[in-house]
Amino acid sequence: MWWSAASGAPQGTVLSPFLFTLYTSDFTYSTDSCHLQKFSDDTAIVGCVSEGNDCEYRKVIMDFVDWCELNHLQVNASKTKEMVINFSRKPSADIAPVNIQGLDIERVRTYKYLGVHLNNKLDWTDNTDSLYKRVVCWGGGCSERDKKRLNRLIKRASSVCGCPLDSIEVMGERRALAKLSTIMDNTSHPLHQTVGALSSSFSNRLTLRHPRCRKKLPQAGLLSIHPSIFIRLVRDRVAEAAV
């Protein structure tokens, strides 16, 4: 006997990702040149294109879109991105973009997937930059115990890299002053007057208090799914010979 569900599980519960994974488990695809990777509603279609033949890659994307429409799942084409990893001499601009629902998917240089910042060079530059910024943000609300732990980690990294690295306090102060100076120089910024009133009149340093913020989780929405990222691996004989 079948029953119609009038509501779903709230977002953030343990049961929600399990039910969503169970609901979408019947669509799978995996070959040597193309596969579909799913983690709850974060979906990645990865295809390896050789000699410009991307038929299988595009077919998997279209099959996935058709499957979503058949199962009453909405594909958000405006939030879907494509990243081309191309180490050949042929520029990526010559490759036609993926089109979904009449919209050309935006091609990006970097994308955050499951907490990791990937880029089209397959190095850790963007991910490292993100971690660096996050450490600075944590510095304002960290306890003294946590700051000491982070600084010990920085010293260990400094010894491995063979070069001196700034402490959490130094990095946080430098970035805070740079940000506040930018606000002070921009008269149209909403915080221009507020920051100006807090600035010190006796030195070039600015007084900054780090508020403790609580992050509010977004409200649960309708059941929807969107391919987070399409990754197209471009390969030709020249690149293979170089390897």
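How far is the sulfur of C48 from the closest cysteine sulfur? In this predicted model, the closest partner is the sulfur of C34, and the separation is 9.5 Å. That is too far for a bond, because a disulfide calls for two cysteine sulfur atoms within 2.5 Å. The wider picture agrees with this, as a search of the whole structure finds zero disulfides. The surroundings of individual cysteines can also be described. C48 counts as partly exposed, because its relative accessibility is 23%. C68, in turn, counts as buried, with a relative accessibility of 0%.

A good place to continue is strand β2, which covers residues 42–50. I45 is found in this strand. With a relative accessibility of 0%, I45 counts as buried. The position of I45 can also be described relative to S30: the two residues are 15 apart in sequence, and their C-alpha atoms are 9.8 Å apart in space.

Attention now turns to the aromatic residues. Across the whole structure, the search finds three aromatic pairs. One of them joins F27 and W67, whose ring centres are 5.6 Å apart and whose planes meet at 40°, an arrangement that counts as tilted. This pair links distant parts of the chain, with the two positions 40 residues apart in sequence. F27 sits in the loop between α1 (15–23) and β1 (34–39), while W67 belongs to helix α2, residues 55–70. How much of each partner is accessible? F27 has a relative accessible area of 11% and is therefore buried. W67 is buried as well, because its relative accessible area is 10%.

W67 also takes part in a second pair, with F64. Here the ring centres are 6.4 Å apart and the planes differ by 20°, so the pair counts as stacked. Where do F64 and W67 lie? Both are in helix α2, three residues apart, which is about one turn of the helix. Like W67, F64 is buried.

Taken together, these contacts bring a loop residue and two helix residues into a single group: F27, F64 and W67 form one aromatic cluster. W67 has a part in both of the pairs described here, the tilted one with F27 and the stacked one with F64. For a reader exploring the model, the cluster can be found by starting at W67 in helix α2, going to F64 in that helix, and then crossing to F27 in the loop between α1 and β1.

Note on methods: Residues are numbered from 1 along each chain as its sequence is written. This is a predicted model: local features need pLDDT of at least 70, side-chain atom pairs count only at pLDDT 80 or more; totals for chains, interfaces and linings use all residues. Side-chain values use heavy atoms; hydrogens and water are left out. Helices (H or I, at least four residues) and strands (E, at least two) are DSSP runs, numbered from the N terminus. Buried means under 20% relative accessible area, exposed over 50%, partly exposed in between (1.4 Å probe, protein chains only). Rings of Phe, Tyr and Trp (its six-membered ring) pair if their centres lie within 6.5 Å; planes under 30 degrees apart count as stacked, over 60 as edge-to-face and the rest as tilted.
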